[in-house]
Amino acid sequence: MTTATVASARPDGASRTVVSPQRRKAARMVPGLIACAAALVVLSVLSMAVGARTISPSVVVQTLGDFNIFHAIGAHDVMAGLPQRYADDTDRLVILTLRLPRTLLGLMVGAALGLAGCVMQGVTRNPLADPGILGVNAGAALCVVLAITFFGASSPGGYVWFAFVGAAVAAVIVYGIAALGRDGATPVKLALAGAAMSAAFAAVTQAFLLLNQSTFDQMRFWQVGALAGRDLDQVGQLAPFLLIGCVAALFLGRTLNTLSLGDDVARGLGAHVGLSRGLSAAVVVLLCGAATAAAGPIGFVGLTIPHVARMITGPNYRWTLPYSMLLAPILLLGADIVGRVIARPGEVQVAIVTAVIGAPVFIALVRRKKLAEL
């Protein structure tokens, strides 16, 4: 069946138009994606307006409208992107140097975590799979600790390569352990191996932190999981990895739909199951490594958001993936904004807020509606 509209003749001689199921599905899904994108725009403005210093949303919009990114890049000064009359404006300084990088990071990290969780659940056919449960985040965090301890890494740009290595090594180890035995890497064995290795990586990480005071001092803020404290240069260093990973994940919809039918059926349809899983794992490593390096280990987003998206879209990953990409930043930015206002003048880190907000929501979803089959 193609997506083209088909015209057919009726017995009375009049013609009628038959719309393909794919087009009817698109007509229902696209408005939802547009609504999610609009919500992200509103949250982004709020993210730059709300904080210890409250700024009018109109000032935020005006600042972004007047900002010339090419002038800022040419002068190596973000404030050079604004007209000279704003040179001493504190509100605009706060927006461009503090809240704009934080908001951009929240958008990219949220999208990466949502897509990573969706891909992992599709590959493993496990509704409770996410980068945290399968040990990928823990492996990335361990390698970041090793980088700080032995190589002096001190910024997200320095962490990212070590985070990739840690995430990849963790994924290989977990898959290798799960593949032992006659049945291979079944979803249940993957989850068990991931939980065991995640605990082992976390134990080694804590041991390094206890033995090295300077590493502990540098790690304690990053390890909580936060969006604050990054500048535009650091965001720019991580953006290519996050964007490439997000684009690659969006092209996995057909692959995940095939894998969701089971290995035997997928092979019968001509799919290369091993290659498909390998490509999907590479995308997850890219997304999780970059997101963990940028904001620390933030859990729960990748676990919950794909289920929310699936309640809207059904089991078709061609739609679940883009919905996950837009819904996850809504959760992450919303949690970050809540964390700024509930403990003024201090802040609650975003990873803590996502757990506090998301856990009851997830429990409610499980109690009210059976989880979709994967």
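**Exercise 1. How do the residues of the lining of the largest pocket divide into nonpolar, polar and charged?**

Solution. The structure is a predicted model, and the pocket is best described from its volume inwards. The largest pocket holds about 460 Å³ of space, and its lining consists of 19 residues, with Ile-69, Ile-73, Val-78, Leu-232 and Asp-233 lying nearest its centre. Two or more lining residues are given by each of helix H3 (69-75), H4 and helix H9 (232-250). Among the contributors, H4 supplies the largest share, namely six residues. Sorted by class, the lining of the largest pocket comes to 13 nonpolar, three polar and three charged residues.

**Exercise 2. Determine how H4 is oriented relative to H13, and identify the residues that form their contact.**

Solution. Begin with the geometry: helix H4 (residues 90-124) and helix H13 (residues 301-313) pack with their axes 7 Å apart and at an angle of about 75°. Since angles of 65 to 115 degrees count as roughly perpendicular, H4 is therefore roughly perpendicular to H13. Next, list the partners: H4 takes part through Leu-113, Gly-114, Gly-117, Cys-118 and Gln-121, while H13 offers Val-301, Gly-302, Leu-303, Pro-306, His-307 and Arg-310. Finally, classify them: the residues of this contact of H4 with H13 are five nonpolar, five polar and one charged.

**Exercise 3. Describe the largest cavity by its volume and its lining.**

Solution. A search of the whole structure returns one cavity of 30 Å³ or more, and the volume of the largest cavity is about 30 Å³. Its lining is made up of Leu-113, Asp-130, Pro-131, Gly-132, Asn-137, Ile-298, Gly-299, Phe-300, Val-301 and Gly-302. Of these, Leu-113, Val-301 and Gly-302 also belong to the contact of H4 with H13. In terms of class, the lining of the largest cavity has five nonpolar, four polar and one charged residues.

**Exercise 4. Is Arg-99 buried or exposed, and which residues does Arg-99 touch?**

Solution. Arg-99 is located in helix H4. Its relative accessibility is 7%, and buried means under 20%, so Arg-99 counts as buried. If residues up to four places away in sequence are not counted, Arg-99 touches Ser-47, Met-48, Ala-49, Val-50, Gly-51, Ala-52, Arg-53, Ile-55, Val-94 and Arg-340. A pairing across the sequence completes the description: Arg-99 and Asp-231, although 132 residues apart in sequence, have their C-alpha atoms 9.0 Å apart in space.

**Exercise 5. Describe the surroundings of Val-60 in helix H2 and of Ala-170 in helix H6.**

Solution. Take Val-60 first, which is found in helix H2 (residues 57-66). With a relative accessibility of 0%, Val-60 counts as buried. Beyond residues up to four places away in sequence, Val-60 touches Val-45, Met-48, Ala-49, Ile-55 and Ile-95; of these, Met-48, Ala-49 and Ile-55 are also touched by Arg-99. The C-alpha atom of Val-60 is separated by 8.7 Å from that of Asp-91, which is 31 residues away along the chain.

Turn then to Ala-170, which is found in helix H6 (residues 156-179). Ala-170 likewise counts as buried, at 0% relative accessibility. Leaving aside neighbours within four places in sequence, Ala-170 is in contact with Gly-135, Val-136, Gly-139 and Phe-201. The C-alpha atoms of Ala-170 and Ala-140, which are 30 residues apart along the chain, are separated by 7.8 Å.

Conventions. Residues are numbered from 1 along each chain as its sequence is written. This is a predicted model: local features need pLDDT of at least 70, side-chain atom pairs count only at pLDDT 80 or more; totals for chains, interfaces and linings use all residues. Side-chain values use heavy atoms; hydrogens and water are left out. Axes are lines fitted to C-alpha atoms, for helices over the stretch in contact, and angles run from 0 to 180 degrees between N-to-C directions. Helices (H or I, at least four residues) and strands (E, at least two) are DSSP runs, numbered from the N terminus. Angles under 35 degrees count as roughly parallel, over 145 as roughly antiparallel, 65 to 115 as roughly perpendicular and the rest as oblique. Contact means heavy atoms within 4.5 Å. Ala, Val, Leu, Ile, Met, Phe, Trp, Tyr, Cys and Pro count as nonpolar, Asp, Glu, Lys and Arg as charged, and the others, Gly among them, as polar. Buried means under 20% relative accessible area, exposed over 50%, partly exposed in between (1.4 Å probe, protein chains only). On a 1 Å grid over the protein atoms alone, a cavity is a set of points where a 1.4 Å probe fits but cannot get out, and a pocket is an open set with protein on both sides within 12 Å along at least five of seven lines; lining residues have an atom within 4 Å of a point. Grid points are joined across faces, edges and corners, and a volume is the space filled by probe spheres set on the points.
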